[in-house]
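User: I have a model open and would like to go through the ligand site with you. Could you take my questions one at a time?

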Amino acid sequence: MRILIAPDKFAGTLTAVEAAAAIEEGWRRRDPGAEVLVAPMADGGPGFIDVLSAVVDGKLLSVTVRGPLGEESPATVLLAGETAYVETAQACGLHLVEPKQRRPEEASTYGVGQLITAAVDAGARRVILGLGGSGTNDAGAGLLAALGATADAGQLDAGAAGLAGLETVDLGPARERVAGVEFVAASDVENPMLGLRGATNVFGSQKGITDERKPEVDGWLTHFAELADRKTADKKGAGAAGGLGYALLLLGAERVSGIDLVAELTGLKHKASQVDLVISGEGAFDFQSRDGKVIAGVAKVANDAMRPCVVLAGKVLIGSREMRSMGVESAYALVDAVGEEQAFADPHGSLAAVAERVARTWAR
Ligand SMILES: O=C(O)[C@H](O)CO
């Protein structure tokens, strides 16, 4: 049997590379002669550089930047000729701050601007940024400040709260700093920045913004957009990574789907056409998995190649009808198979055990 293993990370427990290894190990116990192709995936969020550095011929540049709350964060830029790949979550990711320490209204994307500066200073003329998994919600104002944008009153690098008192914003110096550089924003979502479908209302809760605080925070972002460029806030992907997409669009970025970009760079289409079964996976397979996320992207590629796609996930929180409409044949949950405690205590072993069971059904 020929299989393609193309999972996302299992957030908080396994990277995409580790998840793929666990699935392969479990599958081989049942089907030792299987021909296995492995393609760990990412949608623009955490894991973007890890996954791309395995397939892009380039070198890693190590830098230290400001994390979401000002702490030092180590990060890497992947340089391939004049193209640089940046994983924005390395500077502004939710995982960088312990749940109890989170202050989402103050968290800033300043470090993402520092990553761009490092890439440009190293000779990049095209910067491809993965967006997603952020702990920030500052409309990308921090990024713009790091590149030289200025404001009177208020503060561009103090998170969403700093935007409240702004009176004027000058993006000129930031645009000048990166003149001639082409940007690509590879995002995990297409949401606009403001309103009910916007960054604060849809993704604010996972960062710790309470429902009561959302109208005021959304108002701060609206105020900033009114000073900078209101129309751009409605564009596709402006709301990705707490409005970081918006700041990149202001710098002229082209917006693409993160998973489509990763699928292309990893040759996923070709790989899918060579196998009998495609296996994907992630921590929680839920309604958020539908648009722009890894499972939806992998299932689409599998369907286009007319190959069945199954999913292994920590939890499956989606109905079978919805799952099938995405092109996923079956989904298997670790917590159903081994229990929640065991799934967290030994994620590798649990995932391998479930993969072995799946092979019992699918291997031939
Ligand atoms: O970072 C975030 O806000 C979400 O992943 C959507 O991009």
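User: Which residues are around the ligand?

Analyst: The residues around the ligand, each with a heavy atom within 4 Å of it, are Gly132, Gly133, Ser134, Asp188, Val189, Phe203, Lys207, Ala240, Ala241 and Gly242. This is a predicted model, in which local features need pLDDT of at least 70 and side-chain atom pairs pLDDT 80 or more, while totals for chains, interfaces and linings use all residues. Residues are numbered from 1 along each chain as its sequence is written, and side-chain values use heavy atoms, with hydrogens and water left out.

User: How many of the shell residues are nonpolar, polar and charged?

Analyst: The shell divides into 4 nonpolar, 4 polar and 2 charged residues, with Gly counted as polar, Ala, Val and Phe as nonpolar, and Asp and Lys as charged.

User: What lies 2.7 Å from an oxygen atom of the ligand in the side chain of Lys207?

Analyst: That is an N or O atom of the Lys207 side chain, and a polar side-chain atom of Asp188 likewise lies 2.7 Å from a ligand oxygen, while for Ser134 the value is 2.8 Å; a polar contact here is a pair of N or O atoms within 3.5 Å. The protein buries 98% of the 230 Å² that the ligand exposes when taken alone, by the Shrake-Rupley method with a 1.4 Å probe.

User: Changing topic, is Ser108 buried or exposed?

Analyst: Ser108 counts as buried because its relative accessibility is 5%, and buried means under 20% (1.4 Å probe, protein chains only). A polar atom of its side chain lies 3.0 Å from the backbone nitrogen of Tyr110.

Definitions and conventions:
A polar contact is a pair of N or O atoms within 3.5 Å; within protein, one must be able to donate a hydrogen and the other to accept it, and residues adjacent in sequence count only if both atoms are side-chain atoms. Buried means under 20% relative accessible area, exposed over 50%, partly exposed in between (1.4 Å probe, protein chains only).
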